[in-house]
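The following exercises ask the reader to work through a structure step by step. Each task is followed by its worked solution.

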Amino acid sequence: MTTLSHAGNIILDVRDISLSFQGVKAITSLSFSVQRGEICALIGPNGAGKSSLLNVLNGVYTPDSGEIHYESEHFHKVHPFQAAQRGIGRTFQNIALFKKMSVIDNTLSGLSRHGRSNFIEHAFKLPRARRESAEFLERSEAVLEFLELQSHRYTMVGNLAYGLQKRVELARALVASPRLLLLDEPMAGMNAEEKQEMSRFIADINRDLGITVVLIEHDVRVTMDLSDHVVVLDYGRKVGDGTPAEVQANPDVIAAYLGAITPGSVH
Amino acid sequence: MDTHHTMNDTTILPRTGRLDAHLAPVVIKDGKSLYAWLWLLVLAAIPWVGSEYWINAIIIPFLILALAGMGLNLLTGYAGQTSLGSGGFMAVGAFATYAFLTHLHLSFPVAIFLGGLIAALVGLIFGLPSAKIKGFYLMVSSLAAQFLLEWVFVKFPWFYNYSSSATISSPSIEVFGLDISSAQGKYYWILGVVVLLTWIAINLTRSQTGRNWMAIRDMDTAAAVIGIRVNHSKILAFAVSSFYLGVAGALWVFVYLGSAGVQSFSLQRSFQILFIIIIGGLGSISGNFIGAAFITLLPLALDFVSQTLFAGMVDAGVLQNIQKFIFGTLIIWFLIKEPEGIARLLTNARSRLSVWPLRF
Ligand SMILES: Nc1ncnc2c1ncn2[C@@H]1O[C@H](COP(=O)(O)OP(=O)(O)OP(=O)(O)O)[C@@H](O)[C@H]1O
Ligand SMILES: [Mg+2]
């Protein structure tokens, strides 16, 4: 905890967020902050409110109360489109790709918010539209290469294996050059090898591209290896917050979550 | 963390992998533009091979219906918004063009362009509810648009210039500024419009605009999250679609029929256009031509079969029922089995043929 509070460069500060669905509380007075450039993991049992929290961060849900400070702005409610404009990228727990579009088109669609040319320019292929489309294609190809997806570029995503779809979704978020990337269970349903591969991509994105990552992950070992900072949720409340080592040593966390899953993993 | 750092060297794929992937699309692309030129050549040659009857009664309505199909396909096949208002928007284009011709005495090309713009504006307005409602309810609202528009063009005689027959007709051939009195003239005129609008449709669907539409079609919540202006894109789709339908409507009256009333643009027309895109292929530009060809040729083919096999002994009414039955069955079949229509069947067949020699 001490190391965190010393580095003063906070990209995201969640302050006292509460969220409920028809009176059922999903998140209760939650506060935590994310340092610029770190990988922050959100962990907790099923139904703890992790996905709901990401949905609040990028405007899919509106919190009952509380505030979010992101970069120099703070807001209570944000529209998903505005969140994207501000550089918050996102992937979903249940893959939310455009199933009938190819891998490259899915990736290109992530660049929509950077587009300056209008539909008339598109209709007649005017110079600016041509230039922009060439730039976008180049950028998308670079991302596909980064994520080792080039050989699938013309495949319709609906026909791809599950693990590859997860990667395409990451490509679509990454191509827009986000400053904050929210990943909801990027490794769910993957085998050990695929998980390793995905961890490597996330680490690369974080280190090579300098993008701050907030991710949700159930696999405790993967989480502890990958992240700089772990926030533990249980029943919508924060029960732990600190470095992986600190969190693993925290008795509340062990009681709520770790103890139940990996009793032997505490160092 | 340490274990991952050592694995980073493998990030760059071996070159061969990239080369293979690059080769394939280039070949396909060249093949496609070759097809396009071949088709253009065939289309340009039609007046030399086809009789005047064929051009006037089959080829011209085929091209106009394909254009209307393209309009609806942009909205439904690409942007995923269902509509039963196609007939209504065609009517707007036709009646607006008529107003520009008779009241402002504009030349035909200008009038038809402006007529299309008016249709686009009306389409935009009727597209506004799409921001709030989806699927079935949106379809019902488009049905309401269809009936409202039909009613307007019957109720207010101004639209048909108080003619006793409540129809609109080409004021005079000279107004057109182009010789379209002959079948050939009409054909080339329409071909020009259709080729231009097809080129634009292809450009749009391959651009960011088209990708935004398809993204919304496939999953609109995700589209918003990745920064697509969902409502803006939907409404744009309604406007562009209605522009195409409006132009098609004007061509239908002033070039194909010569004179028509709003009955030409009833709900039945809306369904016909919808059938064209379902049979031809949702989300396919060439599918509109395939679907339109199918719908214009099927009655002829049935007629031919009954003439040759049954020596004309089959009653015309029975023949019509057979036709309806075939359409109905096909539409159900396509909706269940192949929503991407004949266009997809052809692509599948072609790719099967192209890999066939390699299967040994
Ligand atoms: N749209 C919604 N409507 C009603 N209740 C919801 C909605 N979304 C989430 N909830 C409820 O909020 C609580 C937290 O759900 P959430 O999906 O955030 O959990 P989670 O931590 O992501 O769980 P998991 O690990 O299973 O993904 C659950 O009780 C869930 O049923
Ligand atoms: Mg979840």
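## Exercise 1: Salt bridges across the model

Over all chains, a search of the whole structure finds 18 salt bridges. The model examined here is a predicted one.

Task. Determine which parts of chain A are tied together by the salt bridge between A:Glu73 and A:Arg86.

Solution.

Step 1. Identify the contact. The side chains of A:Glu73 and A:Arg86 meet in a salt bridge, with a distance of 3.3 Å from N to O. This satisfies the cut-off, since a salt bridge requires the nitrogen to be within 4 Å of a carboxyl oxygen.

Step 2. Locate each partner. A:Glu73 belongs to strand 5 of chain A, and A:Arg86 to the loop between helix 3 (80–85) and strand 6; the pair therefore ties together parts that are 13 residues apart in sequence.

Step 3. Consider the surroundings. A:Glu73 is partly exposed, at 31% relative accessibility. A:Arg86 is also partly exposed, at 22% relative accessibility.

Task. State whether A:Glu141 and A:Arg153 are buried or exposed, and describe the pair that they form.

Solution.

Step 1. The side chains of A:Glu141 and A:Arg153 form a salt bridge at 2.9 Å, N to O.

Step 2. This pair links distant parts of the chain: A:Glu141 is in helix 6 (residues 127–146) of chain A, while A:Arg153 is in the loop between helix 6 and helix 7 (162–174), 12 residues apart.

Step 3. Both A:Glu141 and A:Arg153 are buried. The term applies to residues under 20% relative accessible area.

Task. Describe the salt bridge of B:Arg217 and its partner, and name the residues of a salt-bridge network.

Solution.

Step 1. In chain B, the side chains of B:Arg217 and B:Asp218 meet in a salt bridge of 2.9 Å, N to O.

Step 2. B:Arg217 has a relative accessible area of 22% and is partly exposed; B:Asp218, at 21%, is partly exposed.

Step 3. A:Arg36, A:Glu71 and A:Arg179 are joined into one network by salt bridges that share partners.

## Exercise 2: The sheet of chain A

Task. Work out how the strands of the open sheet are ordered and which of them stand at the edges.

Solution.

Step 1. Read the order. The open sheet of chain A has 4 strands in the order 2-1-4-5, and the pairing is antiparallel.

Step 2. Find the edges. Strand 2 (24–35) and strand 5 (73–75) each have a single partner strand, so one side of each is left without a neighbour in the sheet. From one strand to the next, the twist averages 15°.

Step 3. Examine each pairing in turn.

- Strand 1 and strand 2 of chain A pair in the antiparallel sense over 8 bridges, and A:Ile17 stands opposite A:Leu30 in strand 2. These strands form a hairpin with 2 residues between them, and A:Gln22 in the turn has a positive phi of about 45°.
- Strand 1 (residues 10–21) and strand 4 (residues 65–70) of chain A are antiparallel over 5 bridges. Here A:Ser18 stands opposite A:Ser65 in strand 4.
- Strand 4 and strand 5 of chain A run antiparallel and are joined by 3 bridges; A:Ile68 stands opposite A:Phe75 in strand 5. Their hairpin has 2 residues between the strands, and A:Glu71 takes a positive phi near 50°.

Step 4. Add the helix. Helix 2 of chain A lies across strand 1, strand 2, strand 4 and strand 5, running at about 115° to strand 1.

## Exercise 3: The magnesium ion

Task. Identify which residues coordinate the magnesium ion (ligand 2).

Solution.

Step 1. The ion is coordinated by A:Ser51 through OG and by A:Gln93 through OE1, at 1.9 to 2.1 Å.

Step 2. A:Ser51 lies in helix 2 (residues 50–57) and A:Gln93 in the loop between strand 6 (88–91) and helix 4 (103–109) of chain A, so the pair ties together parts that are 42 residues apart in sequence.

Step 3. A:Gln93 is partly exposed, with a relative accessible area of 30%.

## Exercise 4: The interface

Task. Describe the contact between chain A and chain B.

Solution.

Step 1. 45 residues of chain A are in contact with 37 residues of chain B.

Step 2. The two chains, A and B, bury about 3800 Å² between them, 62% of it on carbon and sulfur atoms.

Step 3. The count between chain A and chain B is 1 salt bridge. B:Arg211 forms a salt bridge with A:Asp105, with the closest N and O atoms 3.5 Å apart.

How values were computed. Residues are numbered from 1 along each chain as its sequence is written. Chains are lettered from A and ligands numbered from 1 in the order in which they are written. This is a predicted model: local features need pLDDT of at least 70, side-chain atom pairs count only at pLDDT 80 or more; totals for chains, interfaces and linings use all residues. Side-chain values use heavy atoms; hydrogens and water are left out. Donors are N, O and S atoms within 2.8 Å of the metal (3.2 Å for Na, K and Ca); water is not among the atoms, so sites may look incomplete. Buried means under 20% relative accessible area, exposed over 50%, partly exposed in between (1.4 Å probe, protein chains only). Two strands pair if DSSP finds at least two bridges between them. Axes are lines fitted to C-alpha atoms, for helices over the stretch in contact, and angles run from 0 to 180 degrees between N-to-C directions. Contact means heavy atoms within 4.5 Å. Buried area is the accessible area (1.4 Å probe) that two parts lose on being put together, summed over both.
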